[in-house]
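Here is a short briefing on one protein chain. Look at the sequence and fold first, then read the notes by topic.

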Amino acid sequence: MADPQLRPTGAPYDPTYDPLTHATPGTDRNYAPTYWVATAGIPPEDDGPVTGDKDADVVIVGSGFTGLSCALSLARDHGIKATVLEANRVAWGCSTRNGGQGQTASGRLSRSQWIARYGRETALKLHAEIMEGFDYFTDLVREFDPDPQPGGHLYVAHRPRTFEKLAMESAVANDVFGYSTRMMGADELKGNWLDEVGAVGALHEPLGIGIHPAKYAFGYLQAARAAGATVHPSSPVLGIDRDGPGFRVRTPHGTVRARAVAIATGGYTSQGLHPRLRSRIMPILSNSLVTRPLTPEEVAATFRTTTFVTDTRTLRFYYRRLPDDRVQIGSRSAITGADATHPRHLQLLVDGLHAKFPMLEGIRVDYSWWGWVDVSHDMMPRIVQPEPGEPLFYSLGYGGNGVSFSAQAGRRLAGLVAGRRPAGLPIYEGALPGHPFAPFRRIGQRMLYRWYHHRDEAA
């Protein structure tokens with residue numbers, strides 16, 4: 001496996017980290033062994049760990065896509081130079097462990113579910129906000145990622161019944177939102193896109209960009225620092241305490257006094273980070289692998305497109321052919337960090353790849369990793385100030401759809417910090433909902449995973 005050319009790190013990667021059981025994500029831990037980190041080159045310079053006490057206008061906790069988007073927007077749009085604190089390396093969590101699928105989504109709900117929950121008028125405004133955010137993401141991709149893969153998104157139906165549901169969603173997208181999706185049958189899918197065993201057909205949406213997440217994150221880092229932000233890795237937040245009108249943010253080797261704090265920790269939000277975040281997020285593990293490069297014959301027989309793909313399982317697979325002709329595929333698997341290293345979770349992905357593309361059976365796996373996804377209890381994110389009058393803000397709960405929307409979320413989070421409230425939309429109002437049975441969530445998750453698998457694979 002290629003050796004990621006990284007600066008020396010003080011602690012090894014911990015594959016069993018779990019945000020529900022660990023007080024912090026660690027200190028100065030190495031990156032997960034992802035394909036993205038291994039092929040992104042040497043990370044750009046940062047500002048080193050916090051050493052001693054200092055003052056800041058704004059502290060941002062978390063240096064992933066959202067935190068760096070917030071820092072960049074604060075500097076470029078509001079003239080505010082933020083201090084970003086990161087426990088380990090820059091973009092160590094979600095932002096270098098995802099599948100790189102940037103699409104027009106926010107949270108786990110579909111457009112028809114937006115209408116059912118919020119009503120047609122609000123759903124239309126939410127769609128417009130997400131489309132605006134995708135335009136912003138597209139601009140940033142042009143700035144940060146040298147090898148993007150445009151082409152939209154294929155949503156592949158793995159059963160006839162899910163094809164019917166996709167057709168209904170396509171009609172809603174076209175007729176209500178004016179978003180020109182289209183359905184295709186199995187023959188067109190196989191002839192022009194990919195030859196996946198069992199695929200009944202697919203929905204194609206025109207907007208979607210596959211990115212290299214680590215290159216994109218490192219571009220954010222360079223741009224944010226060039227605009228005036230400071231970014232401090234190896235500085236886990238041990239406490240956020242009120243200090244007059246602002247806060248004292250404690251790290252192992254110094255305290256940062258700030259007038260405002262913005263939290264952007266995603267699936268790596270520890271239970272003790274702040275009382276307003278306790279049990280507000282359900283961290284879910286997602287596993288991923290990347291194969292050796294395909295031969296031209298394998299490409300022709302499997303992935304004829306580099307458009308990224310998601311299937312219609314509840315425990316969905318997401319997959320794509322990368323610019324160097326490798327295949328990346330991911331899905332849900334382990335429940336706890338302690339169990340994440342068990343070989344059966346990697347085998348689930350291998351079996352899924354082989355079932356979809358039998359020609360690839362036995363193909364070498366060059367990279368394997370996992371990471372935590374921040375799922376809110378109502379399946380939609382929040383970019384909010386949870387307590388009026390308290391200068392604490394957060395952006396969390398993307399549910400695995402944060403690659404593109406994090407750009408807009410970070411920009412809206414910056415606006416909140418600067419005193420500008422976005423137009424009234426449910427994702428910008430109210431705190432993340434808690435869960436009445438938070439200590440028992442994982443018991444329910446195990447039961448649901450079994451049920452989802454049974455339902456997904458039923459004829």
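The notes below cover two sheets, the helices that pack around them, and a cavity.

This is a predicted model. One open sheet has eight strands, and another has three. Helix H4 (residues 120-144) crosses helix H7 (residues 213-227) at roughly 90°, and H4 crosses helix H10 (residues 402-417) at roughly 100°. The cavity count comes to two at 30 Å³ or more.

**The eight-stranded sheet**

- The strand order is S6-S7-S5-S14-S15-S16-S13-S17, and the pairing is mixed.
- The edges are strand S6 (182-185) and strand S17 (365-376). Each has a single partner strand, so one side of each lacks a neighbour in the sheet.
- Neighbouring strands in this sheet are turned by 20° against each other on average, direction ignored.
- S6 pairs with strand S7 (residues 201-205) in the antiparallel sense, over four bridges. Met-183 has Leu-203 of S7 as its bridge partner.
- Helix H5 (residues 160-175) packs on this sheet. H5 touches strand S5 (153-157), S6 and S7. The direction of H5 makes about 155° with that of S6.

**The three-stranded sheet**

- This open sheet runs in the order S3-S8-S4, with antiparallel pairing.
- Strand S3 (101-103) and strand S4 (149-150) are the edge strands. Each has a single partner strand, so one side of each is left without a neighbour in the sheet.
- S4 and strand S8 (residues 208-210) pair over two bridges, in the antiparallel sense. Gln-149 has Gly-210 of S8 as its bridge partner.
- H4 lies across S3 and S8. The angle between H4 and S8 is about 30°.

**H4 against H7**

- The axes of H4 and H7 come within 9 Å and cross at roughly 90°. The two helices are therefore roughly perpendicular to each other.
- H4 brings Phe-137, Leu-140, Val-141, Glu-143 and Phe-144 to the contact. H7 brings Lys-215, Tyr-216, Gly-219, Tyr-220 and Ala-223.
- By class, the residues of this contact are seven nonpolar, one polar and two charged.

**H4 against H10**

- The axes of H4 and H10 come within 8 Å and cross at roughly 100°. That makes H4 roughly perpendicular to H10.
- On the H4 side, the contact residues are Glu-129, Ile-130, Glu-132, Gly-133, Phe-134, Tyr-136, Phe-137 and Leu-140. They meet Val-403, Ser-404, Phe-405, Ala-407, Gln-408, Arg-411 and Arg-412 of H10.
- This contact has eight nonpolar, three polar and four charged residues.
- Phe-137 and Leu-140 of H4 appear in the contact with H7 and also in the contact with H10.

**Cavities**

- The model holds two cavities of 30 Å³ or more. The second largest has a volume of about 40 Å³.
- Which residues line the second largest cavity? They are Tyr-13, Asp-14, Pro-15, Thr-16, Tyr-17, Arg-97, Tyr-268, Trp-370 and Trp-372.
- This lining divides into six nonpolar, one polar and two charged residues.

Note on methods:
Residues are numbered from 1 along each chain as its sequence is written. This is a predicted model: local features need pLDDT of at least 70, side-chain atom pairs count only at pLDDT 80 or more; totals for chains, interfaces and linings use all residues. Side-chain values use heavy atoms; hydrogens and water are left out. Two strands pair if DSSP finds at least two bridges between them. Axes are lines fitted to C-alpha atoms, for helices over the stretch in contact, and angles run from 0 to 180 degrees between N-to-C directions. Contact means heavy atoms within 4.5 Å. On a 1 Å grid over the protein atoms alone, a cavity is a set of points where a 1.4 Å probe fits but cannot get out, and a pocket is an open set with protein on both sides within 12 Å along at least five of seven lines; lining residues have an atom within 4 Å of a point. Grid points are joined across faces, edges and corners, and a volume is the space filled by probe spheres set on the points. Ala, Val, Leu, Ile, Met, Phe, Trp, Tyr, Cys and Pro count as nonpolar, Asp, Glu, Lys and Arg as charged, and the others, Gly among them, as polar. Angles under 35 degrees count as roughly parallel, over 145 as roughly antiparallel, 65 to 115 as roughly perpendicular and the rest as oblique.
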